[in-house]
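Student: I would like to go through this structure with you, term by term. For each label, I want to hear what earns it.

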Amino acid sequence: MVSEAQVWDWLSEVPDPEIPVISVTDLGIVRDVTVEGETVVVTVTPTYSGCPATSVINFEIEKALRDKGVADVRLERQLDPPWTTDWLKPEAREKLRAYGIAPPIDGTRAEGVVEGRIKRLTGAALVVPCPHCGSEDTQKVSQFGSTPCKAAYQCRSCLEPFDYFKCI
Amino acid sequence: MEAVVDLDAALFEGLCRLGDSTLVLGHRVSEWCGHAPVLEEDIALANMALDLIGQTQLWLGLAGEVEGKGRDADALAFRRDVWEFRNLLLVERPNGDFGQTLMRQFLFDAWHQPMLKALEGSNDARIAEIAAKAGREVAYHLERSADLVIRLGDGTEESHKRMQTALDKLWPYTGEMLTSDETDRALAEAGIMAAPDSIRPTWESLVGEVLDEATLTAPEGAYLHKGGKQGTHSEHLGHMLATMQWLQRAYPDATW
């Protein structure tokens, strides 16, 4: 019988299929691990409801555990509380930056709030430093980048385009 | 006993109204894939379509569960005919030009976001958790569509004209999402869902504010179309479903 700590350890080596430099535990989407007799139950929360990586992630988790000799794996989906980029581990943020993706800036989640909206709705200047050269002279190109979880930005200093991992 | 059965049927209806609206809009928006005016907008549209279709899986998945006849989200999306769809008429309107697509998105987002906020307070935990999840995504949709409506409305003469034309065309389809029928009222009274007319003040003030900023004018006294929520659709939905459902109809249960 395996311990829960051992399973967590194994899962920390399962890469996110879209951003392979970070693991599923770095991303904070593994919400719970329990061992019930011979069965390992892993509770996973989706990042975005339409994220096409969700089924691949489940497959990768199951495969990783089977490769370690766990015969009986059960995956459960948990929606509540909804996933937030606040759960990204600090070291994962550094890995993202090194990979060329600007990590989320905490506390800047879109609220879609109803009062004093225009400024918020039109995305009042959020400074996202360039992950390549560190310059703060960057501009948003689009609210949605290569995946729903990212926005497209461009650096005005080094001129490189880059993805920004949006706060959610 | 009678009342309980009715409420379950109303809940199935209510969930189809939400899930069919996100499905039909998601499909419409996905029609832009590879055709948008610039690459960034193409990608943004595809991403929003993905969010909406992901939300559809949650809403229609729950609808199937509530119905209890073994239909999952796919069965509901691909095996029902046009009169069984409960989406708002607004979302089945054809894409038109980019301006019309954006205006439709904004008018919907301005309803969708406060509706999800209200549904977070549902006494049915399954509804509250889907609403909380979807709400975070939709907040970004609303930011984007409001931003673009303002930029294009208050843009060039040509972009202003196109946005005003889009608004005039789509406005008559907005009343439906802000009006409650018997099903809506039964669900609201039971604390399960929010009544569409309770969203109206928020929608009106948000839309008014954005249109002002965009230098656009909502038409006055327009006739309001309704019926989508009860299954009476325009001719456009059938054509869309013919494309969307083709594979499952030609090859039921196809896998690859």
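Tutor: Agreed. One caution before we start: this is a predicted model. Now take the sheet of four strands in chain A, with the order β4-β7-β6-β5 and mixed pairing.

Student: What makes β4 and β5 of chain A the edges of that open sheet?

Tutor: Count partners. β4 (101-102) and β5 (138-142) of chain A each have a single partner strand, so one side of each has no neighbour in the sheet.

Student: How do you know that β6(A) and β7(A) are paired?

Tutor: Pairing needs at least two bridges found by DSSP. Strand β6 (residues 150-155) and strand β7 (residues 161-165) of chain A have five bridges, in the antiparallel sense. They therefore count as a pair by the rule of at least two bridges. One position to look at is A:Tyr153, whose bridge partner in β7(A) is A:Phe162.

Student: Which helix packs on this sheet, and which strands does it touch?

Tutor: α2(B) does, touching β5 and β6 of chain A. The direction of α2(B) makes about 65° with that of β5(A).

Student: Turn to the other sheet in chain A. What is its strand order?

Tutor: The order is β1-β2-β3 (chain A), an open sheet of three strands with mixed pairing. β1 and β3 of chain A are the edge strands, each pairing on one side only. Ignoring direction, neighbouring strands here are turned by 20° against each other on average.

Student: What makes the pairing mixed there?

Tutor: Look at the two pairs in turn. Strand β1 (residues 30-36) and strand β2 (residues 39-44) of chain A run antiparallel, joined by six bridges. β2(A) and strand β3 (residues 72-77) of chain A pair in the parallel sense, also over six bridges. One pair is antiparallel, the other parallel, and the sheet is described as mixed.

Student: Where can I check the register of those pairs?

Tutor: Try A:Asp32, whose bridge partner in β2(A) is A:Thr43. For the parallel pair, A:Thr39 stands opposite A:Asp72 in β3(A).

Student: What lies between β1(A) and β2(A) in their hairpin?

Tutor: Two residues. A:Gly37 in the turn has a positive phi of about 65°.

Student: Which helices pack against these strands?

Tutor: Helix α1 (residues 4-11) of chain A packs on the sheet and touches β1 and β2 of chain A. Its direction makes about 135° with that of β1(A). Helix α2 (residues 53-67) of chain A lies across β2 and β3 of chain A, at about 155° to β3(A).

Student: How many helices and strands does chain A have?

Tutor: Four helices and seven strands. Along the sequence the pattern is α-β-β-α-β-α-β-α-β-β-β. Of the 168 residues of chain A, 37% count as buried.

Student: Now chain B. Why are α5(B) and α7(B) called oblique?

Tutor: α5(B) and helix α7 (residues 157-170) of chain B pack at about 55°, with their axes 8 Å apart. Roughly parallel means under 35 degrees, and roughly perpendicular starts at 65. The angle of about 55° is in neither class, so α5(B) is oblique to α7(B). The crossing is right-handed.

Student: Which residues meet in that crossing?

Tutor: From α5(B), they include B:Met103 and B:Leu107. From α7(B), they include B:Met163, B:Ala166 and B:Leu170. By class, this contact has six nonpolar, three polar and three charged residues.

Student: How do you know whether B:Asp168 is buried, exposed or partly exposed?

Tutor: Count C-beta neighbours. Buried needs 20 or more within 10 Å, and exposed means 12 or fewer. B:Asp168 has 15 inside 10 Å, so this residue counts as partly exposed. B:Asp168 is found in helix α7 of chain B. B:Asp168 and B:Pro219 are 51 residues apart in sequence, yet their C-alpha atoms are 6.1 Å apart.

Student: Last topic: how many residues does each chain bring to the contact between the chains?

Tutor: Chain B brings 34 residues and chain A brings 27. On the side of chain B, α2 (39-67), α5 (98-119), α6 (125-153) and α9 (200-213) give two or more residues each. α6(B) gives the most, with 16 residues.

Student: What is the make-up of that side of chain B by class?

Tutor: It divides into 17 nonpolar, five polar and twelve charged residues.

Notes: Residues numbered from 1 in each chain as written. Chains lettered and ligands numbered in written order. Predicted model: local features only at pLDDT ≥ 70, side-chain atom pairs only at ≥ 80, totals over all residues. Contact = placed C-beta atoms within 7 Å. Nonpolar A, V, L, I, M, F, W, Y, C, P; charged D, E, K, R; others polar. Axes fitted to C-alpha atoms, helices over the stretch in contact; angles between N-to-C directions. Parallel < 35°, antiparallel > 145°, perpendicular 65-115°, else oblique. Left-handed = near helix turned anticlockwise from the far one by under 90°.
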